[in-house]
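Subject: Handover of a structure and its salt bridges

Dear colleague,

Please find below the structure that I am passing on to you. My findings follow directly after it.

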Amino acid sequence: MTPSHEHRFRHLGAVLAEWQPVWQPLPFQHRRLPWEARYPAMAQALRELSDDEAARLQASPFTASPLSAWLPVDELASLVDLPDMAPQGPTLPDAWGTFVGGRKWRQIQAFAPLVAPDADLVEWCAGKGHLARALGRWHGVGIEALEWQAGLCRAGNALAQRQAVAVRLHQQDVMAEDAGRWLVPGARVMALHACGDLHGRLLELAASRGAAVTLAPCCYQRTEAANYHPFSEQGRREMAERGWRLCRDDLAMSVQETVTAPAGVRRQRQVANAWRLGFDALQRDLSGRDIYLPVPSLAYGRMPGTFDDFCRWAAERKSLSLPARVDWPRYEAEGFQRLGEVTRLELVRHLFRRPLEIWLALDRVRLMEEAGFQVRLGTFCERDVTPRNLLIEATPAG
Ligand SMILES: C[S@@+](CC[C@H](N)C(=O)[O-])C[C@H]1O[C@@H](n2cnc3c(N)ncnc32)[C@H](O)[C@@H]1O
């Protein structure tokens, strides 16, 4: 039997809180992780993994994991096993995806059939209103769409006119006082990938005003608050009982995945990460302090062409003077060696990534249930379409 959301939320929270000392520290920042003293054999087992085995565990963290000798792998696997809500019936024709990026269109094709046209539909943080336009066309209904940027509203309205679909984009800051006027009983507000505070606002308004919601949440860390404030009463109570805290960096872990990045981009990121680790080894040696020094990230495509140029750039940013002679090949090699180690040690955090994401989604689910809504939580597509594949459907009861 599927556990209730209340039960799953409590159970996941207990496991996440218990194991936070193991999943919280970033292997990138520590040459020896704080938990290694307590679990030396686990660290050793990870460091000894072959490249293939490490890659396999990245793709399937819960399957035949050597970490089950120390960590509750099976328990986590069952806690993240959610109903598959992916639509089985017909979906939007491919031809309707003109003007929409390929990946975004596949997401819309998976998400749209799950938006029940049982109410007046409103799209929240709509961009150019691609989802609203597709659904308006499919069901032959009018849809209001809310977007903050005037340019996107103009472009979206022009597309709707061109396709003769009754979709209207309204320039609306959803964080403003007057945003609540769209969330009337009898409306269903849909949001595909609205970030942190934007979807939080949607749920809080919908809960208090009685509008239905269909939401794929994302970017939980994009929030004003430095520390996580649960949405639900259950979440607040249980976090207080456990004395448990989550900071913004913890939230970021729940969405750190690059399964959808093309191979070329992944390779570039790997080189950038290895160089950062190489620079880190160098700066520790130069300063004599075994402490991680954060270096700002570089915009895509701005990476210097060689390791030594990268280090010169990073040293300048950190006001660090480099000696005339540095053994660059040695530090670059150390960077790549550390990257292999970090990738393996990250497998511990990887195991808790999806559980944390689902716990955060369940906090939103519980807010709506506590307000008297019927709520479904499941996955709406495979992870290669988007790893942010959770869907929350909340409908006022009665
Ligand atoms: C991540 S995009 C999602 C867009 C669209 N739903 C999609 O899936 O492509 C978030 C959108 O929210 C809009 N946005 C950001 N802050 C907003 C606000 N305060 N009020 C309304 N829209 C906002 C952005 O301009 C952007 O178009």
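A salt bridge is counted where a side-chain nitrogen of Lys or Arg lies within 4 Å of a carboxyl oxygen of Asp or Glu. By this criterion, the structure, which is a predicted model, holds 27 salt bridges. As background, side chains of opposite charge can pair when their charged atoms come close.

I begin with helix α13, which covers residues 307-317. Within this helix, Asp308 and Arg312 join their side chains in a salt bridge, with an N to O distance of 3.4 Å. Asp308 and Arg312 are 4 residues apart in α13 and are therefore separated by about one helical turn. Arg312 also forms a salt bridge with Asp309, at 3.3 Å from N to O. Here the two residues are 3 residues apart in the helix, so about one helical turn again separates Arg312 from Asp309.

How accessible are these three side chains, buried or exposed? Asp308 has a relative accessible area of 22% and is partly exposed. The value for Asp309 is 38%, which makes this residue partly exposed as well. Arg312, at 40% relative accessibility, also counts as partly exposed.

The next point concerns the neighbouring part of the model, helix α14, which spans residues 328-370. The axes of α13 and α14 come within 10 Å and cross at roughly 85°. An angle of 65 to 115 degrees counts as roughly perpendicular, and α13 and α14 are therefore roughly perpendicular to each other. On the α13 side, the contact is made by Phe307, Asp308, Cys311 and Arg312. On the α14 side, Trp328, Tyr331 and Glu332 take part. Sorted by class, this contact has 4 nonpolar residues, 3 charged residues and no polar ones. Asp308 and Arg312 thus appear both in the contact with α14 and in a salt bridge with each other.

Two further findings concern salt bridges elsewhere. The side chains of Arg353 and Glu346 meet in a salt bridge of 3.3 Å, taken from N to O. Both Arg353 and Glu346 are buried. In addition, a network of salt bridges links Arg31, Asp280, Arg284, Asp285, Asp290, Arg330 and Glu334.

Yours sincerely,

A colleague

Note on methods. Residues numbered from 1 in each chain as written. Predicted model: local features only at pLDDT ≥ 70, side-chain atom pairs only at ≥ 80, totals over all residues. Heavy atoms only, no water. Axes fitted to C-alpha atoms, helices over the stretch in contact; angles between N-to-C directions. Parallel < 35°, antiparallel > 145°, perpendicular 65-115°, else oblique. Contact = heavy atoms within 4.5 Å. Nonpolar A, V, L, I, M, F, W, Y, C, P; charged D, E, K, R; others polar. Buried < 20%, exposed > 50% of the residue type's maximum accessible area, 1.4 Å probe, protein only.
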